[in-house]
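User: Please take a close look at one strand of this model and the parts around it. I would like one connected account rather than a list.

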Amino acid sequence: MHSYGYRANGVLSLSLTILALLCTVASLSGGILNLPPPSAQVEVVNINWFQKHRSGNDEVSLTLNISANLESLFTWNTKQIFVFLAAEYETPKNSLNQVSIWDGIIPSIEQAKFRINTINKYRLADQGNNLRGREFNLTLHWHVMPRTGKMFADKIVMTGYRMPHEYV
């Protein structure tokens, strides 16, 4: 006969093994089931101002229309999605400059399809005067935070934007 301690150990070991197996299946199924791929579109409605500070740095304020459909990222294992919009451009010193200009947290599938009109939430500034006439991309990044398992991230790059040649 086994004692109660041996029986409890056997039940606990089996329970933890089953729980670990379920967590693994949950983690794998969350990344596989998100079809169709998310979609996003960003329109620069207006350049509110574009100026050079006394320090010599360029800074710009943009009015943006951001629309996205991230519903396919929500599975039964998705807790929330962190999403941010970044301006990306090249300068002679750096091959990639990335500036976050807007972000948000999407807590549910009901809020995963959105359209907002906003100004950039964070400063779009360059250390120097490298923004005049510069081509840049707007990239929508997202990080899916699951209830269990590995967090994953992806992005959509939108090209074809250009800063003005003169300060406004």
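Analyst:
**Strand 2 and its surroundings**

Lysine 113 is exposed, since its relative accessible area of 56% is over the 50% cut-off. The model is a predicted one, and this lysine is a convenient way into it. Lysine 113 belongs to strand 5. Apart from neighbours within four places in sequence, lysine 113 has contacts with Ala68, Asn69 and Glu71. The C-alpha atoms of lysine 113 and serine 39 are 9.5 Å apart, although 74 residues separate the two in sequence.

Strand 5, residues 113–119, is one of the pairing partners of strand 2. The two strands are antiparallel and share 7 bridges. Within this pairing, threonine 63 has isoleucine 119 of strand 5 opposite.

Strand 2 also pairs with strand 6, residues 124–126, again in the antiparallel sense, through 3 bridges. Here glutamate 59 is set opposite alanine 125 of strand 6.

A further partner is strand 1, which runs antiparallel to strand 2 and is joined to it by 12 bridges. In this part of the model, lysine 52 has aspartate 58 of strand 2 opposite. Strands 1 and 2 form a hairpin with 5 residues between them. Glycine 56 in that hairpin has a positive phi near 95°.

How much of strand 2 is buried? Of its 12 residues, 11 are buried, so the strand counts as mostly covered, with buried meaning under 20% relative accessible area.

Strand 2 (58–69) is also among the elements that give two or more residues to the largest nonpolar core. The others are strand 1 (39–52), strand 3 (78–89), strand 4 (97–106), strand 7 (135–146) and strand 8 (152–162). This core has 32 residues, and Leu70, Leu85 and Leu138 touch the most other members. In soluble globular proteins, nonpolar side chains tend to be buried together.

Leucine 70 deserves its own entry. With neighbours within four places in sequence left aside, leucine 70 is in contact with Pro38, Ile81, Val83, Ile106, Ala112, Phe114 and Trp142. Among these, Ile81 and Val83 fall within the range of strand 3 (78–89), and Trp142 within that of strand 7 (135–146).

For contrast with the core, there is a nonpolar patch on the surface, formed by Leu12, Leu16 and Leu19. Together these three leucines have about 300 Å² of accessible area. Leucine 16 is part of helix 1, residues 4–32.

Definitions and conventions
Residues are numbered from 1 along each chain as its sequence is written. This is a predicted model: local features need pLDDT of at least 70, side-chain atom pairs count only at pLDDT 80 or more; totals for chains, interfaces and linings use all residues. Side-chain values use heavy atoms; hydrogens and water are left out. A nonpolar core is a set of buried Ala, Val, Leu, Ile, Met, Phe, Trp, Tyr and Cys residues joined through side-chain atoms within 4.5 Å. Buried means under 20% relative accessible area, exposed over 50%, partly exposed in between (1.4 Å probe, protein chains only). Helices (H or I, at least four residues) and strands (E, at least two) are DSSP runs, numbered from the N terminus. Contact means heavy atoms within 4.5 Å. Two strands pair if DSSP finds at least two bridges between them. Patches are made of residues with over 30% relative accessible area and no salt bridge: like charges are joined within 9 Å, nonpolar side chains (Val, Leu, Ile, Met, Phe, Trp, Tyr) within 5 Å. Accessible areas come from the Shrake-Rupley method with a 1.4 Å probe; for residues, only the protein chains shown count as cover. A salt bridge is a side-chain nitrogen of Lys or Arg within 4 Å of a carboxyl oxygen of Asp or Glu.
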